[in-house]
Amino acid sequence: MKKSSRIASLGVFLALSLILSYVETLIPINFGVPGMKLGLANMVVVILLYLFTPGEAFLISILRILLSGLLFGNGMSIIYSLAGGLLSFFVMLLFFKLKKIKMIPLSVIGAVSHNTGQLIAAAILVTNYNIVFYLPVLIVSGIVTGLITGTLSAAIHSRLVKLK
């Protein structure tokens, strides 16, 4: 792929991740877990790990977190999203490179890591480490949301590969 096509494609993926972030703010469903979201925008990062370089996937992830925080959130949402997004990305990258695992388990690993990163940030920011007792709930919710977004990511990825 030519450099200009690559940059344009990454721009489309960034725009898509921002749209998915916004759509998630509109979903009025209460999942029973405070602050829980599906992680639709993280599907883009998972797909990018398979289609582009890890550096490009990381760039889109960070840009999406910063831009969606500025557009749809606040300073605290950026901190929590960065904590979750950074841990999630690097754990997924580790498994992606070392284990060459499939997309659905990678998405589950990413979702659980994202929740863990946000919980660590919350424990530090509120200086209440009892919050870690919330971790089992977040692990279960991460598994469920990771399975959903991983299944969607795998389906989208297979269609994108067929288009090439």
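Trainee: What share of the 164 residues in the chain is buried?

Mentor: Keep in mind this is a predicted model, where local features need pLDDT of at least 70, side-chain atom pairs count only at pLDDT 80 or more, and totals for chains, interfaces and linings use all residues. Residues are numbered from 1 along each chain as its sequence is written, and side-chain values use heavy atoms, with hydrogens and water left out. Buried means under 20% relative accessible area, exposed over 50%, partly exposed in between (1.4 Å probe, protein chains only). By that cut-off, the buried share of the chain is 40%.

Trainee: Which element gives the largest share of the largest nonpolar core?

Mentor: A nonpolar core here is a set of buried Ala, Val, Leu, Ile, Met, Phe, Trp, Tyr and Cys residues joined through side-chain atoms within 4.5 Å. This one has 26 residues, and Phe 13, Leu 48 and Leu 49 touch the most other members. Two or more residues come from each of α1, α2 (42-51), α3, α4 (75-99) and α5 (103-125); helices are DSSP runs of H or I, at least four residues, numbered from the N terminus. The largest share, eight residues, comes from α2.

Trainee: Is Phe 72 buried, partly exposed or exposed?

Mentor: Phe 72 sits in helix α3. Its relative accessible area is 33%, so the label that fits is partly exposed.

Trainee: Which residues does Leu 48 touch, not counting residues up to four places away in sequence?

Mentor: Contact means heavy atoms within 4.5 Å. With those sequence neighbours left out, Leu 48 touches Leu 10, Phe 13, Thr 53, Ala 57 and Ile 60.
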